[in-house]
Amino acid sequence: MKQGKYRITANRCIAYKVWRMDLEGDTSALDKAGKFVDIAVEGFFLRRPLAATCWDEKGFSVIYKKVGKGTEALSRMVPGQELDIITGLGNGFDTAACNRKALIVCGGLGASPVFSLAKELISEGKQVTLIQGFNSKYDIILNSEFKDLGIQPVVVTMDGSAGMKGLVTDAIDAIDPDYDYFYTCGPAVMMKAVCDKLQGPGEASLEERMGCGCGICYGCTCHTKSGAKRVCADGPVFKKEEIIW
């Protein structure tokens, strides 16, 4: 992991209460899809952990939802401002576990960390089937960006305002996807349902409230078959078979 100063180049609303921030700076620690960053926000004691949506040699992007005072402060920041950020945190997804055909199932902001995963899988010559779940059409993010990668996302909304009406598990039943490994990220109740439903191996990127973000405080532990694990340092990605929901 690396700590440094990053300059905001863009910060804009992309969906209902959802913002995308683009930052310029050192991305050498972002070497694997699924890793996250920890952002210091002036006036707040704890940093804000956010998934790295995508990156290149010049900078990276994060997507966040305005839900509290910290993210409210982030949403008011403008291009040119600098932030103190720790990058390259977490273990990331294991793309080598997928042989040829990957299934990605994400819900809400879970689309953010799996975007770089999809890019990585495609760069390795693997086929990607993507199911995206949202509450309504106003919450949809990264749909066009996934299409630019050559993926045709299957969209599901709870209210039926876009795509199929229902849950991501309904979409799994409807399309009966062909895959040899799956990845999931989103609300815990959704990921549990996905892991319970899908046969075969896979992994989930968990979300927990974090204190330090680097494994010192043990404030984000989760239950696994091998004992308590820190989501920030031992995860956030865990194999399906080791998670105790």
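Let's begin at a small site: the second largest pocket is lined by Ala188, Met191, Leu206, Glu207, Glu208, Cys222, His223, Ile243, Ile244 and Trp245. Keep in mind as you look around that this is a predicted model. The space in this second largest pocket comes to about 150 Å³. Two elements, H5 and strand S13 (221-224), each supply at least two residues of its lining. Sorted by class, that lining holds 7 nonpolar, 1 polar and 2 charged residues.

Now move to the largest pocket, whose volume is about 1400 Å³. It is lined by 48 residues, and the closest to its centre are Lys65, Val67, Leu109, Gly110 and Glu207. Glu207 is a name you have met already, as part of the lining of the second largest pocket. Several elements give two or more residues to the lining of the largest pocket: the strands S4 (48-55), S5 (59-65) and S8 (127-134), together with the helices H1 (69-75), H2 (111-123), H4 (168-175) and H5 (188-197). S4 gives the most, with 4 residues. By class, the lining of the largest pocket divides into 25 nonpolar, 14 polar and 9 charged residues.

S4 and S5 lead us on to the strands. They belong to a closed barrel of 6 strands, which runs S1-S2-S5-S4-S3-S6 with antiparallel pairing. On average, neighbouring strands of this sheet are turned by 45° against each other, direction ignored. For a look at one pairing, take strand S1 (residues 2-15) and strand S2 (residues 18-24), which pair in the antiparallel sense over 7 bridges. Within this region, Asn11 has Met21 of S2 as its bridge partner. A helix meets the barrel strands too: H2 lies across S4 and S5, running at about 30° to S4.

Finally, turn to a pair of helices, H4 and H5. Two packed helices are described by the angle between their axes and the distance between the axes. Here the axes of H4 and H5 come within 9 Å and cross at roughly 30°. Angles under 35 degrees count as roughly parallel, so H4 and H5 are roughly parallel to each other. On the H4 side, the contact is made by Val168, Thr169, Ile172 and Asp173, and on the H5 side by Met190, Ala193, Val194 and Lys197. The residues of this contact divide into 5 nonpolar, 1 polar and 2 charged. Both helices also bring us back to the largest pocket, since H4 and H5 are among the elements that give two or more residues to its lining.

Note on methods:
Residues numbered from 1 in each chain as written. Predicted model: local features only at pLDDT ≥ 70, side-chain atom pairs only at ≥ 80, totals over all residues. Heavy atoms only, no water. 1 Å grid on protein atoms, 1.4 Å probe; cavity = no way out; pocket = protein on both sides within 12 Å on 5 of 7 lines; lining within 4 Å. Points joined across faces, edges and corners; volume = space filled by probe spheres on them. Nonpolar A, V, L, I, M, F, W, Y, C, P; charged D, E, K, R; others polar. Pairing = 2+ DSSP bridges. Axes fitted to C-alpha atoms, helices over the stretch in contact; angles between N-to-C directions. Contact = heavy atoms within 4.5 Å. Parallel < 35°, antiparallel > 145°, perpendicular 65-115°, else oblique.
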